[in-house]
Amino acid sequence: MKRVEEIVKILEDKKAEDVEILDMRDSEYFVSFVVIATTLAQKHAASLVDELKMRLKAQNESFLNIESSDEWSVLDLGDILIHLLSEDYRKIYDIESFLKELKKR
């Protein structure tokens with residue numbers, strides 16, 4: 001949980017909005033935690049990805065995969081998945097509702 005809290009701190013320090021943590025440990029989802037945040041613009045999203053890479057690698061975190069587009073970036077730390085979405089994409093895809101429903105099963 002300490003690692004997740006560090007991710008949230010980095011995102012909040014860099015002005016990501018509506019940061020949410022979903023604890024998926026009691027579900028059959030493939031990661032333990034999902035962190036979702038809203039980005040302000042494409043450059044802001046790129047800046048968040050760069051900051052996460054720099055600060056987490058300094059703490060010996062390793063990234064299994066990073067997928068980035070203008071509207072949505074996903075960073076995979078193995079047991080933690082970070083989604084950085086534009087406001088529009090966050091509304092369209094509503095990952096939180098999907099994961100909360102999955103957790104109920």
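Is Tyr93 buried, partly exposed or exposed? Select Tyr93: the residue is partly exposed, with a relative accessible area of 43%. Buried means under 20% relative accessible area, exposed over 50%, and partly exposed in between (1.4 Å probe, protein chains only).

This is a predicted model, in which local features need pLDDT of at least 70, side-chain atom pairs count only at pLDDT 80 or more, and totals for chains, interfaces and linings use all residues. Residues are numbered from 1 along each chain as its sequence is written, and side-chain values use heavy atoms, without hydrogens and water.

**Aromatic pairs**

The structure holds four aromatic pairs. Rings of Phe, Tyr and Trp (its six-membered ring) pair if their centres lie within 6.5 Å; planes under 30 degrees apart count as stacked, over 60 as edge-to-face and the rest as tilted.

Add Trp72 to Tyr93. Their ring centres are 5.0 Å apart and their planes at 45°, so the pair is tilted. It links distant parts of the chain: Trp72 lies in strand S4, Tyr93 in helix H3 (residues 87-93), 21 residues apart. Helices (H or I, at least four residues) and strands (E, at least two) are DSSP runs, numbered from the N terminus. Trp72 is partly exposed, at 23% relative accessible area. Now add Tyr89: ring pairs link Trp72, Tyr89 and Tyr93 into a cluster.

**Helix H2**

Select residues 42-57, helix H2. Colour its buried residues: His44, Ala45, Leu48, Val49, Glu51, Leu52 and Leu56. They cover an arc of only 165° around the axis (taken from the directions from the axis to the C-beta atoms), which puts them on the same side of H2. Turn to the face away from the buried side: exposed Lys43 and Met54 are there.

Key:
Expected span 1.5 Å × (residues − 1).
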